[in-house]
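Q: I have a structure open on my screen. Can you show me how to read its inner spaces and its overall build?

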Amino acid sequence: MWVYQKTLQHPVNIKNMDLKMAKYLITQFGGPNGELAASLRYLSQRYTMPTGKTRALLTDIGTEELAHVEMIASMVYQLTADATPEQLKAAGLGTNYAQNGFGIYPSDANGVPFTTAYIAVMGDPVTDLHEDMAAEQKALATYYHLINLTDDVDMIDVLRFLGEREIVHYQRFGEALMDIYDLNESQHVF
């Protein structure tokens with residue numbers, strides 16, 4: 001069913017410690033518009049999709065989002081790897097350190113823990129696909145914001161890659177939505 005390659009989907013090689021950027025970036029790990037929320041949303045919504053094609057799409061994209069979770073965690077880890085507790089405290093990451101040590105914990109940039117309240121699942125394919133398209137746009141906007149907060153070329157490279165994937169996912173969800181509309185029209189369901 002799965003082929004596991006022990007590499008990230010896109011290389012992550014952050015060379016410079018940047019604790020402020022780590023604090024901002026963590027939102028794409030465990031924030032409301034982050035990769036973990038997207039993955040769980042899509043993997044939960046797939047069950048009520050009306051066709052094998054749409055179920056497969058949500059499975060594939062939900063799985064890819066897990067790869068993005070791994071990339072974001074790797075980035076945060078690399079940005080904080082050599083930090084001292086004092087440096088973490090000065091960067092506003094003292095609370096995270098107190099609760100999680102050097103562990104990467106799913107939260108937003110303000111330290112609010114991940115919650116399943118971020119996940120929208122209606123069980124209606126049209127509604128869910130609109131939600132998914134909006135989620136991809138919000139994630140893309142967040143990646144643009146993060147790019148604006150750094151001048152580190154290694155960071156920008158990965159953030160651009162992730163943003164490009166959001167665009168592709170948005171397009172695939174739009175195609176799936178059109179397929180659902182066509183299916184509903186052929187079945188006279190509206």
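Q: Which helices each supply at least two residues of the lining of the largest cavity?
A: Start with what a cavity is: a space where a 1.4 Å probe fits but cannot get out. In this predicted model, the helices are H3 (35-45) and H7 (125-148).

Q: Which residues line the largest cavity?
A: Lining residues have an atom within 4 Å of a point in the space. Here they are Asn33, Gly34, Glu35, Ala38, Arg41, Glu65, Ala135, Glu136, Ala139 and Glu166. By class, five are charged, three nonpolar and two polar.

Q: How many cavities of 30 Å³ or more does the whole structure have?
A: The search finds one. The space in the largest cavity is about 40 Å³.

Q: What volume does the largest pocket have?
A: A pocket, unlike a cavity, is an open set of points. The largest pocket here has a volume of about 410 Å³. Its lining has 14 residues. Val3, Tyr4, Gln5, Thr63 and Ala67 lie nearest the centre. Seven lining residues are nonpolar, four are polar and three are charged.

Q: What about the second largest pocket: which residues are closest to its centre?
A: Take its volume before the residues: about 340 Å³. The lining has 22 residues, and Ile26, Gly92, Leu93, Asn96 and Ser107 are the closest to the centre. Helices H1 (19-25), H4 (52-80) and H6 (94-100) are the elements that give two or more residues to this lining.

Q: Which element gives the most to the lining of the second largest pocket?
A: That is H6, with four residues. Sorted by class, the whole lining has eleven polar, nine nonpolar and two charged residues.

Q: Now the whole chain. How many helices and strands are in its secondary structure?
A: Count eight helices and zero strands. From the N terminus on, the order is α-α-α-α-α-α-α-α.

Q: Why is the protein chain called as compact as a globular protein of that length?
A: Compare two radii. The radius of gyration of the chain is 18 Å, close to the 16 Å that the globule rule gives for 190 residues, so the chain counts as that compact. The C-alpha trace spans about 65 × 35 × 30 Å along its principal axes.

Q: How much of the chain counts as buried?
A: Buried means under 20% relative accessible area. Of the 190 residues, 44% count as buried. The accessible surface of the chain is about 10,100 Å², and carbon and sulfur atoms hold 55% of that surface.

Terms used
Residues are numbered from 1 along each chain as its sequence is written. This is a predicted model: local features need pLDDT of at least 70, side-chain atom pairs count only at pLDDT 80 or more; totals for chains, interfaces and linings use all residues. Side-chain values use heavy atoms; hydrogens and water are left out. On a 1 Å grid over the protein atoms alone, a cavity is a set of points where a 1.4 Å probe fits but cannot get out, and a pocket is an open set with protein on both sides within 12 Å along at least five of seven lines; lining residues have an atom within 4 Å of a point. Grid points are joined across faces, edges and corners, and a volume is the space filled by probe spheres set on the points. Ala, Val, Leu, Ile, Met, Phe, Trp, Tyr, Cys and Pro count as nonpolar, Asp, Glu, Lys and Arg as charged, and the others, Gly among them, as polar. The radius of gyration is taken over C-alpha atoms; the globule rule is 2.2 Å times the number of residues to the power 0.38. Buried means under 20% relative accessible area, exposed over 50%, partly exposed in between (1.4 Å probe, protein chains only). Accessible areas come from the Shrake-Rupley method with a 1.4 Å probe; for residues, only the protein chains shown count as cover.
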